[in-house]
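Colleague: I am new to reading structures, so could you choose one part of this one and take me through it slowly?

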Amino acid sequence: MGSNTSSPWFGALPNESGPESARTRSWLASLGIERGPIERIQTFTARNSVAMLHFADGTALVLKQVDPATSKAVGTAMGNEETMLRLIPEAGIPDFARASIPRFVGADPETDTVIMEGMTGFTSMREIAKSSPDIPVPALVALASAAAGIHTTAVNHIIVNEKYAPQRIAFPFASFVTLTPSELASGPGMDYSDYAAAMQSVDESVAQLRDDWGPKGLVHFDLRDDNILFKSPDSERPEIALVDWELAGFGDQMLDVGTIVGQLLIQWLHTLRGDVGRLASSDAWVTARRNVGLFLAAYEHSAPLNTWQREAAFRYAGLSLLMYAAGRLEQIGSLGRIGHLCLFVGCKLLNNPQGLAKLLAPSTRKAGG
């Protein structure tokens, strides 16, 4: 596909009216993408510039600028997301799960832009949780089914291809045991010492995950609540979209499962308003037990887990909570009450996954060890 040096997409889109609208359509046409009139532009807050073009025919396109450094790191012109989205069709993912993944449309190397089919009318899991802490059952089932479909797809023939060596993800969590005094002093935020101590207390559990890590299957790697979208979540068969495949690759599928469980727990912890004392009451765990239990039961209906996999999923959930706390330190300089709650529950999940598994998902059927 040829590119057009007069592209309007250099970090910001023009006012879509009159000549400017024609300019954007001309740029798309130069990439081999023919669409009708552009009705509106929707922008998003993300690491890189992201926008959605809404067309008169009801379709949409997502434009996403790629960090050149990321592209170089994975050895592709347009970065990891293009590589993974191009790979999806040949991976043999079941249709119901594949429908949740954005379709690659094109790319413009001159502006470092990946273009994907847009999914309109969706709401993020974050927004749904704001309306009610109880995620609708059909939405949890749809999420579990899509994730299980992706995770159980046989991709060994792709993993062994050296072409995809950059997509074999290395274990992503470092050890904090050898943290030097100078590193401790220079850590972000006033509560960094608390965070570092928590990470050191779970190092043995993290080491177990590290020892078992490998390119076992296809993983999204960033299934946070903003990357999980639903259309009509209360309907009998809600549509689901799993977006932002920038970090995806081949690793342990339990990291994805744990990340989702961790997100459900973070949403629930926010409802406690920082009251750590409520964790001692079984009534306070009702929402977490409901959401996590339903998700895991639905996931295991399609992809039964053995004892180690279930424990690993809960440990990764614990790491998800600890990473959320780290994010607060970097963004606002303090853990706050929610950050300290995340440290407490995260450490419990890592060091005693069996105990919290019984509390959070008592009805999930057991698979062979």
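Modeller: Here is a close look at one helix, followed by the turns of the backbone and a contact further along the chain.

First, a note on what you are seeing: this is a predicted model, in which local features need pLDDT of at least 70 and side-chain atom pairs count only at pLDDT 80 or more, while totals for chains, interfaces and linings use all residues. Residues are numbered from 1 along each chain as its sequence is written, and side-chain values use heavy atoms, with hydrogens and water left out.

Our part is helix α3, residues 79-91. Helices are DSSP runs of H or I with at least four residues, strands are runs of E with at least two, and both are numbered from the N terminus. Is the length of α3 what we should expect for its 13 residues? The expected span is 1.5 Å times one less than the number of residues, and for α3 that gives 18 Å. The C-alpha atoms at its ends are 19 Å apart, which agrees.

Next, see how α3 sits in the protein. It is mostly covered, with ten of its 13 residues buried. Buried means under 20% relative accessible area, exposed means over 50%, and partly exposed is in between, using a 1.4 Å probe and protein chains only. The buried residues of α3 are G79, N80, E81, E82, T83, M84, L85, L87, I88 and A91.

Just after α3 comes G92, with a positive phi near 80°. Most residues other than glycine have a negative phi. That makes a good reason to look at two other places.

D112 is not a glycine, yet its phi is positive, near 55°. You will find D112 in the loop between β4 (104-108) and β5 (113-117). D112 is partly exposed, with a relative accessible area of 25%.

S232 also has a positive phi, about 55°, without being a glycine. Its loop runs between β8 (228-231) and β9 (239-242). S232 is partly exposed too, at a relative accessible area of 44%.

Finally, go back to helix α4 (residues 95-98), where A97 lies. Is A97 buried or exposed? A97 counts as buried because its relative accessibility is 0%. Where the chain folds, A97 and S145 are 48 residues apart along the chain, and their C-alpha atoms are separated by 7.2 Å.
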